[in-house]
Structure formats: structure tokens, C-alpha cells
Amino acid sequence: MMPYTRQQITGGPSFSSTTRVGNWNEDLEVHQERQNKLLEMEANGELLTQKMDRKFQNHCSKVELAQQRESDFVQFGEPVLLFNEDTKAFVSVDLDAKLHHIKERFAVTSAPADGAIRRNAFALERYVPKTKQPEFYDYDTAPTTLHYGQTFRIRIYDPDFHNGNELFLRSQRQSPSVCAPVTRNAQEVSVDSHQDFAAVWKVVYRDPKLRLDFEGTPVRGNYPLCIVHAQSGEMLSSSTGAVMRNDFGKEYEVCAKANRNIHKVEEECNVFYFVVGGMKREQNHEE
């Protein structure tokens, strides 16, 4: 809009509200143009309120977990939630949080939720390398069941979440240009559509003293465990000390770093649960 004229500034109090002074015609045209632009944006769904409404509908659509189970073990392909012991929140994805170095790579956080929704529901896929190597344990005896020490991928359960493209949880080795956005001294964790070895994980038992004893045994659902990045050996982590804010509010950063105490035991930020339907989450892993 053009600046006020001298007539409008000095003569305003001398005229009534119905008197047209200064650039009244131009002011009217600018106001009408703004109204037309607003109506056009509303018709095309480009208003900020409309964009946010579509985002929340996509991210927060309900996902049904399994209601009945034949066993207590985690199965490949079923919807699961990744619950963190420290933040008391679920690993979630925000498609608007694109990372600076890769256009189609999105940030991952842990966020509280009332249940399974599109942004926090994942499915596990068995990883089969192109060149099959001999394994100490025979996982083919239960091919649909996840075992401790077995490599697998973690992908978003609903492919329609990102226009039909599958997104896989991945981590990249720390470098001067790639690191966790908040803590800075840990590996970045994100999701994208690449299915390379950076998107491969494995599960180890919570207690290091019993870790070898449980190697090769099935993984129970809703049970405390640690998730290890197969390429780097770092552990999936989320802490209340690393806060990230987005359109959903206050959430917590998810990164890859093994945090151990003086007894060489992983801290609560490295402890996760595969929350599955039809069971209650274990409160104590020693029970």
C-alpha cells in the first residue's frame, strides 16, 4: 500500500468518515486485491490453517494394532510402536522437518501419544543381504519372528503416509556436516526411502550380563531392550535433555549413541520397547 498523503495526514480530522480524501481509489483497489488473493488461496487450499489441518489429518490418523496374538513374540510386518523409557514417548516422524543436507530425509523425534497413529506406527522387515553369509543361529525355524541379534529394517507402517513411498529408519555416521541436530555429539537418526545398510538394525538384551545367553532367542513384545545400529554399533537413544519443538509442540530428539554408566550398563535413554497389540507393557524386565 502507498504511504499516506499529506492531505490524509493533516486533513483527516477535518473531514467526516464518509469523505474520500487522498489516494482513496488506490487504497480501495489494494484492499480489493488483497481480498481476491485471499479468496484464491482459500479456493486452492493454500491458507496456513488449511495446510496445518491437512498435516494433522495425515500425521495423526489412527492405526490399529493387532487385537489378538498367537504368541507374545514380535512378528515381522505387524504394526509396532517404539516406546522410550527415558522420555516416556514414542518414536515419531515429522514430514515437514526436512534435514538440511538431504531433501527427502526427515527428522525423527520421540513424542507422547494416546495410541498408534501414522507418524509413530512402524513395521519390522527382515534384512536379507545380497551375499548371504553363514549365521550362527538358524532364524529360518521361525522366519516371521524377530530374534535377538538378528538384523532387520524399521519402516513406516502405512505407505500412504508419504505419498505411497516407504520410509525406513536410518542413521549416518557422525561427521563435521552430519550429526544429531541438538546434542551434536551423536549420530543423526532420520527416515528416508533408501534401503542401504545404514537402515539396518538389530536388537540386544537389556542386561549386558545376560546378553549372550539371549542371543538367537525370540524377542518378546512390550519388553525392555536396546536397538543397535548394525553399521556403526551405536544404540538408538532419546533423552529428555534434548528438546526439539515443531508443529506438534515439545518433543525429544532421537539419535544414535550408546550412553553407559560406570557399571557399563546402558542408561534409560537407550532402553526401548516394541509395543504391540494384545499385550500389556512389562514394567520390570526382571519379572
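Student: What percentage of the 287 residues in the protein do buried residues make up?

Tutor: Happy to start there, and keep in mind that this is a predicted model. The protein has four helices and 12 strands. Its exposed surface is about 16,200 Å², with carbon and sulfur atoms supplying 49% of that area. Of the 287 residues, the share that is buried is 43%.

Student: Among contacts with a separation of 6 or more, what share comes from residues 24 or more positions apart?

Tutor: One example of a pair distant in sequence is V243 and V182, which lie 61 residues apart along the chain while their C-alpha atoms are separated by 7.5 Å. These two residues also touch. For the protein, residues 24 or more positions apart account for 69% of the contacts with a separation of 6 or more.

Student: Is strand 3 largely enclosed or not, and how many of its residues are buried?

Tutor: Strand 3 covers residues 106–111. Buried means under 20% relative accessible area. The rest of the structure largely encloses this strand, because the buried residues number six of the six.

Student: Which strand pairs with strand 3 over five bridges?

Tutor: Let's go through the pairings of strand 3. Strand 7 (residues 187–192) runs antiparallel to strand 3 and is joined to it by two bridges, with A107 partnered by S190. Strand 11 (residues 249–256) also pairs in the antiparallel sense over two bridges, and there S110 stands opposite Y252. The five antiparallel bridges, with V93 and V108 as one of the partnered pairs, belong to strand 2.

Student: Where does V243 lie, and is it buried, exposed or partly exposed?

Tutor: V243 sits in strand 10, which spans residues 236–246. Leaving out residues up to four places away in sequence, V243 touches V182, K250, E251 and Y252. Its relative accessible area is 33%, and the range between 20% and 50% is the one for partial exposure. So V243 in strand 10 is partly exposed.

Student: Which residue's side chain makes a polar contact of 2.8 Å with the side chain of S171?

Tutor: S171 belongs to strand 6 (residues 168–172), and its relative accessibility of 1% means that it counts as buried. Beyond four places in sequence, S171 touches residues including V189, A198, W201, H229, Q231 and A256. The side chain of S171 also reaches the backbone oxygen of E188 at 2.9 Å. The side-chain partner at 2.8 Å is Q187.

Student: How far apart are the end C-alpha atoms of helix 3, and why does that agree with its 12 residues?

Tutor: Helix 3 runs over residues 48–59. The expected span is 1.5 Å times one less than the number of residues. For the 12 residues of helix 3 this gives 16 Å, so the model agrees, with end C-alpha atoms that are also separated by 16 Å.

Student: What arc around the axis do the buried residues K55, N58 and H59 of helix 3 cover?

Tutor: In helix 3, the buried residues are K55, N58 and H59. They lie on the same side of the helix, because their arc around the axis is only 90°. In general, an α-helix has 3.6 residues a turn, so residues three or four places apart point the same way. The face of helix 3 turned away from the buried side carries the exposed residues T49 and Q57, while the arc of the buried ones is 90°.

Student: Which residues is K55 in contact with, leaving aside its neighbours within four places in sequence?

Tutor: K55 lies in helix 3, and with 6% relative accessibility it counts as buried. Strand 2 is included in what covers the buried residues of this helix. The contacts of K55 are D94, D96, D247 and F248.

Student: Which residue in the loop between strand 11 and strand 12 has a positive phi near 60°?

Tutor: Most residues other than glycine have a negative phi. R184 has a positive phi of about 70° although it is not a glycine; R184 lies in the loop between strand 6 and strand 7 and is exposed at 54% relative accessible area. The residue you are after is also exposed, with 62% relative accessibility. In the loop between strand 11 and strand 12, the residue with phi near 60° is K264.

Note on methods
Residues are numbered from 1 along each chain as its sequence is written. This is a predicted model: local features need pLDDT of at least 70, side-chain atom pairs count only at pLDDT 80 or more; totals for chains, interfaces and linings use all residues. Side-chain values use heavy atoms; hydrogens and water are left out. Buried means under 20% relative accessible area, exposed over 50%, partly exposed in between (1.4 Å probe, protein chains only). Contact means heavy atoms within 4.5 Å. Two strands pair if DSSP finds at least two bridges between them. Accessible areas come from the Shrake-Rupley method with a 1.4 Å probe; for residues, only the protein chains shown count as cover. A polar contact is a pair of N or O atoms within 3.5 Å; within protein, one must be able to donate a hydrogen and the other to accept it, and residues adjacent in sequence count only if both atoms are side-chain atoms. The arc is that of the directions from the helix axis to the C-beta atoms.
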